[in-house]
Amino acid sequence: MTGRNATPADDRPVLRAERVSRSACGRLILDGVGLEARPGTTVGLIGPNGSGKSTLLRLLAGLLAPTGGTVTVDGATPAELGRRETARRLAVVGQHATTDTDLTVQDVVGLGRVPHRRAWSAPSPADREAVRAALERTGLTPLAGRLWHTLSGGERQRAQIARALAQEPRHLLLDEPTNHLDVQHQLELLSLVAGLPVTSVVALHDLNLAAMFCDEIVVLRAGCVVACGAPGVVLTESLIHEVYGVRAVVAEGAGGRPFVRFLPPGGPH
């Protein structure tokens, strides 16, 4: 896969799932899934509920082991790298995060430095600089002293991305990060993600957000990849009907990217 931030030297996949399968409780959740994300690209995972998006992200993160196939991060499996080294190379942002502890935004962002620090050690100058840079990159410097529970949903998601950036990862995995956010915050969040100097894989429900911000899209249905490629190639009216069971009109939107307009059931095409 190639993307807007990739360079000619970026011809080796760095985050890869090769014929990956995963079963749980006797049910096949993923079946022979393949994915390659090259440096600097934003790859979108789309598909109906239950298609396997979150499971694939957890496999890529090393939080689950595949039943079959191989996941590699920079050419090594998460088991070969170990938990600490995997966490140094790869960060994960979930749908939402909660805490009952009175942490400030700076405290939350500082948690991203855990993989780089010895147990019980004080933050080093490098740790403090990484936190400062992450806060600045996400526009959270003015909120550094705010308590976590006083933040809005959009601010919390930005803080989670700042925490991930403080890890200084090469790869970023996001599981439906725009859930529960209004339109403005969805656009701001994905614009931030797409502009980061990392390889990102993001699971999304909104097809138009995927079209706007992703270099390439992988479509999952019932645990299988049914299409992958650039948004303009993947997001067709026939594929949307096949995968989601709905009718849609796909037109050219801003920047030549596709725009999907859904049609009401039973109405005229």
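How many cavities of 30 Å³ or more does the structure hold? The structure holds 1 such cavity, and the tour returns to it at a later stop.

The model is predicted, so to speak of local features a pLDDT of at least 70 is needed, side-chain atom pairs count only at pLDDT 80 or more, and totals for chains, interfaces and linings use all residues. Residues are numbered from 1 along each chain as its sequence is written, and side-chain values use heavy atoms, with hydrogens and water left out.

**Stop 1: the sheet of 3 strands**

Select residues 15-24, which form strand S1, together with strand S2 (27-37) and strand S4 (68-73). Strands (E, at least two residues) and helices (H or I, at least four residues) are DSSP runs, numbered from the N terminus. These strands form an open sheet in the order S2-S1-S4, with antiparallel pairing; two strands pair if DSSP finds at least two bridges between them. S2 and S4 are the edge strands, each pairing on one side only. From one strand to the next, the twist averages 25°; angles run from 0 to 180 degrees between N-to-C directions, and axes are lines fitted to C-alpha atoms, for helices over the stretch in contact.

Next, display Arg16 and its bridge partner in S2, Glu36. S1 and S2 pair in the antiparallel sense over 7 bridges.

Now add helix H1 (53-60). H1 lies across S1, S2 and S4 and runs at about 120° to S1. Contact here means heavy atoms within 4.5 Å.

**Stop 2: the sheet of 6 strands**

A second selection shows an open sheet of 6 strands with mixed pairing, in the order S5-S6-S7-S3-S8-S9. S5 and strand S9 (224-229) stand at the edges with a single partner strand each, so one side of each is left without a neighbour in the sheet. Neighbouring strands of this sheet are turned by 15° against each other on average, direction ignored.

Within this sheet, select strand S3 (residues 42-46) and strand S8 (residues 216-221), which pair in the parallel sense over 4 bridges. Val43 stands opposite Glu216 in S8. In general, strands of a sheet pair through backbone hydrogen bonds, either parallel or antiparallel.

**Stop 3: helices H5 and H6**

Select helix H6 (153-166). H6 lies across S5 and S6, running at about 170° to S5. Then add helix H5 (125-137). The axes of H5 and H6 are 8 Å apart, and the two helices pack at an angle of about 140°. H5 passes H6 in a right-handed crossing (the near helix is turned clockwise from the far one by less than a right angle; anticlockwise would be left-handed).

Which residues of H5 meet H6? Ala130, Ala134 and Arg137 do so, and their counterparts in H6 are Ala162, Leu165 and Ala166. By class, this contact has 5 nonpolar, no polar and 1 charged residues. Ala, Val, Leu, Ile, Met, Phe, Trp, Tyr, Cys and Pro count as nonpolar, Asp, Glu, Lys and Arg as charged, and the others, Gly among them, as polar.

**Stop 4: the cavity**

Select Gly154, Arg158, His185, Glu188 and Leu189, which line the largest cavity. A cavity is a set of points on a 1 Å grid over the protein atoms alone where a 1.4 Å probe fits but cannot get out; a pocket is an open set with protein on both sides within 12 Å along at least five of seven lines, and lining residues have an atom within 4 Å of a point. About 30 Å³ of space lies in this cavity, a volume being the space filled by probe spheres set on the points, with grid points joined across faces, edges and corners. H6 and helix H7 (183-194) each give two or more residues to the lining, and H7 gives the most, with 3 residues.

**Stop 5: the pockets**

The largest pocket holds about 450 Å³ of space. Of the 22 residues that line the largest pocket, select the closest to its centre: Ala61, Gly62, Leu63, Leu90 and Val92. S5 gives the most to this lining, with 4 residues. By class, the lining has 12 nonpolar, 6 polar and 4 charged residues.

The second largest pocket has a volume of about 250 Å³. Of its 14 lining residues, Gln106, Gly110, Asp127, Arg128 and Val131 are the closest to its centre. Helix H4 (105-110) and H5 each give two or more residues to this lining, with the largest share, 5 residues, coming from H5. By class, the second largest pocket is lined by 5 nonpolar, 3 polar and 6 charged residues.
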